[in-house]
Amino acid sequence: MKTLQSNLVVWGLAFSLSGISLAACAQATTSAATSTQSASDPAKTALLTPLQQTVTKIKKLVATGDPDFDYAFQAKIHAQGAQDLLKQEIQNGKDTSLLKMAKTLLPATEADINLVDGTMRQLKPTRPSQAFTQQQSRNIEAMSLKLQQTGSSDKLSSNLDKNFATLLADQRQDAIDMATTYLQYGKNETLRTYAQQLIDRSKKEIEQIKGMQK
């Protein structure tokens, strides 16, 4: 009986410790299923891939807890994801209005990357904020989940231009959410200015996209 009780305790502990791993496996399985469903349609994969890679890179960042330092890294990777998305539309899109928009946004995104990168190199993590880390982690998880759901839903079609508009609007909203969180905790003036300008621009871009879809 004691042996049985001991085994039950060990099994229970093992199951508890494996919970995160099981959840990770489930998420990986979901991601794999999503990729499989979209794999046959280049109009989806060409645009989903850079965004999926963006989320993966941001998740791999080791958070220091310092809002300025962490946001600078997150914002750079997110801007690079936007850049890759825009390039796909420029290379493969056919809608003249969306092509014009993508070509206009591309140099602005490059400027964003350079600005954030230059600022990031001057920063050192000095003041951890658990509240910032938790809230930004929720934003990133929401970004990942939304991308999975979009990839496996009927929001995307075989029309690359329409898919681009849908995914760009979502990507801009993600940028707004991350920047808004940063502004609640960040202190660096350059990054605060960048975050506010990013929010303002992204809102206008979302409205512009909505206007094109009418």
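**Exercise 1.** In this predicted model, the side chains of Arg 201 and Asp 112 meet in a salt bridge; determine which elements the pair ties together and how each residue is classed by accessibility.

*Solution.* The N to O distance for Arg 201 and Asp 112 is 2.6 Å, and a salt bridge requires such a distance to be within 4 Å. Arg 201 lies in helix H8 (residues 189–213) and Asp 112 in helix H5 (residues 96–120), so the pair ties together parts that are 89 residues apart in sequence. Since buried means under 20% relative accessible area, Asp 112, at 9%, counts as buried, whereas Arg 201, at 27%, counts as partly exposed.

**Exercise 2.** Work out where Glu 205 and Arg 172 lie, and whether each is buried or exposed.

*Solution.* Glu 205 and Arg 172 form a salt bridge whose closest N and O atoms are 3.7 Å apart. This pair links distant parts of the chain, with Glu 205 in helix H8 and Arg 172 in helix H7, 33 residues apart. Glu 205 is buried, with a relative accessible area of 8%, and Arg 172 is buried as well, at 7%.

**Exercise 3.** Place these pairs within the whole chain by stating how many helices and salt bridges there are, and what share of contacts comes from residues 24 or more positions apart.

*Solution.* The protein chain has eight helices and zero strands, and a search of the whole structure gives nine salt bridges. Among the residues involved in salt bridges, Lys 76, Asp 117 and Arg 121 are linked in a network. Of the contacts with a separation of 6 or more, 77% come from residues 24 or more positions apart.

Notes: Residues are numbered from 1 along each chain as its sequence is written. This is a predicted model: local features need pLDDT of at least 70, side-chain atom pairs count only at pLDDT 80 or more; totals for chains, interfaces and linings use all residues. Side-chain values use heavy atoms; hydrogens and water are left out. Helices (H or I, at least four residues) and strands (E, at least two) are DSSP runs, numbered from the N terminus. Contact means heavy atoms within 4.5 Å. Buried means under 20% relative accessible area, exposed over 50%, partly exposed in between (1.4 Å probe, protein chains only).
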